[in-house]
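Reader: I am new to this structure and would like a close look at a single part of it, together with whatever surrounds that part. Could you take me through one strand and its neighbours, step by step?

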Amino acid sequence: MTTRTDTRLGDGTLRAKQQNIDLNPLNDWLRQMYPGTGNYYNGANGSTGNAGNGGYYNGNTGYPGNTAGNGGTGNGTGTGTGTGNTGGTGNTGGNAGTVDQSIANQILQKVNAERSKAGVQPLTLSASLNKIAQAKSADMRDKNYFDHQSPTYGSPFDMMKQFGVNYSYAGENIAAGQQDVQSVMTAWMNSPGHRQNILSPNYTQLGVGYAKGGNMSPYWTQEFIRP
């Protein structure tokens, strides 16, 4: 079974500095300012920005790269964080299916166990974020991609806005191919960017998505916010 996670932002710290900011120009700015070199994902050339190997930002998408360190069983990671939207209304998740509450509760328990060891306050499970996370996992499965940028919803922050979720801080972790909760949590905790999201004191709420099927089954998503 091929197990793969994808790191799009090496340190998981894409943050807007004020409310109501358009994150796309900020992404462009970061690509120019921090081409860097990365350890987690050797992607092909992004559609904009530098080719592959981006420590802060891997080109524009970076997701075509299948080498990711050790080739087909590459163990990269994928995180992104942001701040400041005003919410709104929009997509409702379509046929994404319902959240597996048992899986969500297990992920929450393990996340809070790690936060407790780090001296960080626990997260609470959010029904609204569960809905977004489930829609993202199902979208990756149904549209056959693995990336933070969705062809359906856009960036994680665009997606939150479409689902009417307000935040002052936000982040997303994704993974695919891990067959159980312990495996995916181990993969996330072994990745600096994912680990940062899981342990960040900036977040207070968590959403979990889990979708079986597709080329990299199952697809996992964590959504984090502080309202």
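Author: Seven bridges join β4 to β5, and these two strands run antiparallel; this, like everything that follows, is read from a predicted model. One pair along this ladder can be picked out by name, since A211 has Y219 in β5 as its bridge partner. β4 also pairs with β2, where two bridges join the strands and the direction is parallel. In that pairing, L125 stands opposite L206 of β4. Six of the seven residues of β4 are buried, that is, under 20% relative accessible area, and so β4 is largely enclosed by the rest of the structure.

From the strand we can turn to a helix that it helps to cover. Helix α3 takes in residues 127-143, 17 residues in all, and it reaches 24 Å from its first C-alpha to its last, which is close to the 24 Å expected at 1.5 Å a residue. Its buried residues are L129, N130, I132, A133, Q134, A135, K136, S137, A138, D139 and M140. What covers these buried residues includes the strands β2 (124-125), β3 (169-176), β4 (205-211) and β5 (219-226), and also the helices α2 (101-117) and α4 (156-162). β2, β4 and β5, already met above as partners in pairing, are thus named again among the elements that cover α3.

The two ends of α3 can be described as well. At its start, a side-chain oxygen of S126 reaches to within 3.3 Å of the backbone nitrogen of S128. At the other end, α3 is followed by N144, whose phi is positive, near 55°.

Two of the covering elements deserve a further word, beginning with β3, the strand in which I174 has its place. I174 is buried, with a relative accessible area of 0%. The C-alpha atom of I174 is separated by 8.2 Å from that of F146, although the two residues are 28 apart along the chain.

The other is α2, which packs against helix α6 (residues 192-199) at an angle of about 85°, with the two axes 9 Å apart. Because angles of 65 to 115 degrees count as roughly perpendicular, that is how α2 and α6 are placed relative to each other. The contact between them is made by V111, E114 and R115 on the side of α2, and by N197, I198 and L199 on the side of α6.

Note on methods: Residues are numbered from 1 along each chain as its sequence is written. This is a predicted model: local features need pLDDT of at least 70, side-chain atom pairs count only at pLDDT 80 or more; totals for chains, interfaces and linings use all residues. Side-chain values use heavy atoms; hydrogens and water are left out. Helices (H or I, at least four residues) and strands (E, at least two) are DSSP runs, numbered from the N terminus. The expected span of a helix is 1.5 Å times one less than its number of residues. Buried means under 20% relative accessible area, exposed over 50%, partly exposed in between (1.4 Å probe, protein chains only). Contact means heavy atoms within 4.5 Å. A polar contact is a pair of N or O atoms within 3.5 Å; within protein, one must be able to donate a hydrogen and the other to accept it, and residues adjacent in sequence count only if both atoms are side-chain atoms. Two strands pair if DSSP finds at least two bridges between them. Axes are lines fitted to C-alpha atoms, for helices over the stretch in contact, and angles run from 0 to 180 degrees between N-to-C directions. Angles under 35 degrees count as roughly parallel, over 145 as roughly antiparallel, 65 to 115 as roughly perpendicular and the rest as oblique.
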